[in-house]
Amino acid sequence: MEDEGTFDEKYIYEDDYYAFLNVPRDASPEEITNAYRRMSRAYHPDKHLDPINKKEAELIFNKTKKAYEVLKDAHKRAIYDSVGVKGLETEGWEIIQRTKTPGEIREEYERLARQREERRLQQRTNPKGSVTVNINATDLFSNYEYQYELDDGFPTIEVSGMSVTQSIEAPLTNKDTATITGHLNTHNGTGSGTVTVSNKRQYSDKGWWEFCGGAGSGPIIGLKAFRTLGKRTFANFDSYLQFSNSGIKSGLDATLAMHMDKQTMGYLTWRTGSSSSMSTTLVRDVESSHTAVSFLLGIPHSYLSVGHTFKFPKKELKLRTSLKAGTFGAVFEYGAEKKVSEQSTISATVSVGVPTGVILRIRLTRATQTYLFPIQLSDEPMPSPIFYATVVPLLTWAVVKKFVIDPIQDEQKQSKKQRQRDTYRSRMAEKRREAEAATNLMAVAFARIRNEEESRRGLIIKSAIYGRLASLSDPQDRMPENISDDLIDVTIPLQCLVKDSKLIVYESTKSQLPGFYDPCVGEEKALYVQYLFHSQMHQTTVADNEPLRIPRQSHRVNHT
């Protein structure tokens with residue numbers, strides 16, 4: 001579930017210059033200039049003699065001029081397209097080359113933003129942790145003859161082991177970050193623990209190294225490093241030395257990685273220490289799926305593994321399957337992962353194999369904390385534990401979602417919408433005043449365009465409503481005086497956009513158009529239009545971000 005303190009930035013009112021000028025995002029300089037001139041004829045202060053209207057026109061004209069100045073300048077426009085208005089307010093752009101691509105501009109903005117936040121970030125720590133609880137539930141599915149031998153008649157479920165890892169990190173300088181990590185582990189009554197302290201130094205844009213030292217089952221020292229070797233390759237290095245009563249242990253992991261293409265990575269890893277191996281892995285990650293194939297040749301075991309994940313971004317769901325087979329035996333896994341809130345993810349995986357048996361793994365990730373519950377259901381593959389490991393999590397999730405998660409999320413959504421309205425109440429009032437002023441200033445243009453269209457039997461906007469149309473039972477029968485607070489009459493602003501008996505509103509939120517504002521923040525909005533063309537009645541409804549092009553034959557109202 002979402003934190004009460006979180007706030008979705010997409011609801012922040014940021015001026016959309018394209019929508020305000022009503023031009024497409026790929027508009028040419030000529031289209032932008034023409035839109036600016038058209039709006040200047042309506043909002044230039046010199047066009048109005050009344051002092052109040054002149055003052056209102058000055059405010060709207062200044063906004064029009066600002067939008068025009070940004071979009072006519074190729075460099076400013078590239079910055080605006082990449083990171084929005086906030087990018088134009090960032091210091092440091094004066095030293096940036098004007099030939100940078102939008103991607104490079106975004107990277108530069110992120111770099112400048114990081115510099116701005118460095119001092120504050122240096123005062124923070126980044127806690128991370130994981131808790132693993134191993135549960136032995138094999139008695140639930142043991143053979144019947146063994147169940148009858150139980151004294152109390154009930155199967156035994158026990159916690160066979162537990163491990164806890166916690167770390168905190170804090171920036172020391174712009175290039176150095178210190179990390180303290182603690183790890184505790186217990187299994188069948190035997191426990192151990194380690195604590196390590198490390199310092200990671202970013203020595204260049206291409207790499208870093210990290211030195212660590214710790215104590216546990218003897219002193220331990222380690223060295224890690226990362227280096228970019230080229231545009232498509234990089235390397236990782238991880239080594240350690242551990243001193244104990246039984247002698248000195250050492251280990252080394254070295255990985256060479258290469259971008260095969262935009263979606264495919266290749267890895268070659270060499271590992272020495274308690275076990276030695278050489279492995280190669282191919283990973284392909286696209287929007288709809290993730291596939292990994294790995295082959296490992298080593299001592300004491302070698303294996304081949306294939307894994308595939310189906311992604312459903314709209315449902316925030318992932319379905320995973322994998323098969324791993326080698327000299328140790330074979331294991332087949334399947335499971336699902338669901339994002340339940342902005343900060344929380346839950347997953348369940350069933351593992352069936354030899355000699356591992358049947359294991360159900362429940363994982364809950366909450367921000368930087370991970371809780372893992374491996375449940376050993378049987379020591380060998382059997383139909384009964386496989387069935388229950390698959391069905392019980394599904395039924396449990398369905399019940400919890402319906403009676404716990406959904407009610408909480410619904411309540412949080414309503415609370416969030418209310419917070420958005422409260423936070424932007426003053427901003428909404430300002431936008432409403434601006435829209436009303438713009439509509440008032442359109443009176444002359446509205447009369448002129450309306451008369452021209454009537455004389456040629458062209459496009460006449462009879463009625464236009466914008467907002468949460470679901471609250472209106474029948475838009476056709478609405479009267480302006482009956483419009484609710486989450487709807488606004490935009491007949492005049494739409495008529496003023498008509499040119500040569502045509503009206504085009506491009507793909508963007510319509511709340512940014514002159515004479516419009518958002519009457520229901522956080523709600524789904526739409527635009528209903530009723531118009532005459534060649535004296536025939538037409539009507540249509542479009543979603544907030546859907547483009548509008550009229551007249552169209554399909555909009556005609558057939559009278560019988």
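The paragraphs below lead through a predicted model, beginning with a helix that contributes to a charged surface patch and moving on through strands, loops and salt bridges.

Helix α2, which spans residues 29-43, contains Arg-41. The helix has 15 residues, and the distance from its first C-alpha to its last is 21 Å, close to the 21 Å that would be expected at 1.5 Å a residue. Several residues of α2 are buried, namely Ile-32, Thr-33, Ala-35, Tyr-36, Met-39, Ser-40, Ala-42 and Tyr-43. Arg-41, by contrast, counts as exposed, because its relative accessibility is 56% and the threshold for that class is over 50%. Arg-41 also belongs to a patch of positive charge on the surface, in which Arg-37, Arg-38, Lys-47 and Lys-499 are the other members.

Strand β7, covering residues 233-244, holds Ser-239. With a relative accessibility of 17%, Ser-239 counts as buried, since that class takes in values under 20%. A contact that the sequence alone would not show can be found here: Ser-239 and Gly-222 are 17 residues apart along the chain, and their C-alpha atoms are separated by 5.5 Å.

Two loops between strands deserve attention for their peptide geometry. In one of them, the bond that joins Ile-299 and Pro-300 is a cis peptide bond, with omega at about 10°; Pro-300 is found in the loop between β11, residues 289-299, and β12, residues 303-312. In the other, a cis peptide bond with omega of about 10° joins Val-354 and Pro-355, and Pro-355 lies in the loop that runs between β15, residues 344-354, and β16, residues 357-366.

Backbone geometry is also of interest at two residues with a positive phi. Asp-500 is not a glycine, although its phi is positive at about 55°, and the residue is found in the loop between α11 (491-496) and β20 (503-505). At 57% relative accessibility, Asp-500 counts as exposed. His-534, again not a glycine, has a positive phi of about 55°. The place of His-534 is in the loop between β21 (526-533) and β22 (536-543), and this residue counts as partly exposed at 41% relative accessibility.

The charged side chains can now be followed through their pairings. Side chains of opposite charge can pair when their charged atoms come close. In this model the count comes to 18 salt bridges, where a pair is accepted if a side-chain nitrogen of Lys or Arg is within 4 Å of a carboxyl oxygen of Asp or Glu. One of these pairs is formed by Glu-333 and Arg-361, whose side chains meet at 3.5 Å, N to O. Glu-333 lies in strand β14, residues 329-339, and Arg-361 in strand β16, so this salt bridge ties together parts that are 28 residues apart in sequence. Glu-333 counts as partly exposed at 24% relative accessibility, and Arg-361 is partly exposed as well, with a relative accessible area of 28%.

Helix α10 offers salt bridges within a single element. Glu-452 and Arg-448 form one, with their closest N and O atoms 3.7 Å apart. Because these residues are four residues apart in α10, which comprises residues 443-455, about one helical turn separates Glu-452 from Arg-448. An α-helix has 3.6 residues a turn, so residues three or four places apart point the same way. Both partners are partly exposed, Glu-452 at 36% relative accessibility and Arg-448 with a relative accessible area of 45%.

A salt bridge in the same helix links Arg-450 with Glu-454, the closest N and O atoms being 3.7 Å apart. Here too the two residues lie in α10 and are four residues apart, about one turn of the helix. The exposure of these partners falls into two classes: Arg-450 counts as buried at 16% relative accessibility, whereas Glu-454 counts as partly exposed at 42%. Elsewhere, salt bridges that share partners join Asp-15, Lys-63, Lys-431 and Glu-434 into one network.

Definitions and conventions. Residues numbered from 1 in each chain as written. Predicted model: local features only at pLDDT ≥ 70, side-chain atom pairs only at ≥ 80, totals over all residues. Heavy atoms only, no water. Patch = residues over 30% accessible without salt bridge, like charges linked within 9 Å, V, L, I, M, F, W, Y side chains within 5 Å. Areas by Shrake-Rupley, 256 points an atom, 1.4 Å probe, with all protein chains shown as cover. Lys, Arg positive; Asp, Glu negative; His and termini not counted. Charge placed at Lys NZ, Arg CZ, Asp CG, Glu CD. Buried < 20%, exposed > 50% of the residue type's maximum accessible area, 1.4 Å probe, protein only. Expected span 1.5 Å × (residues − 1).
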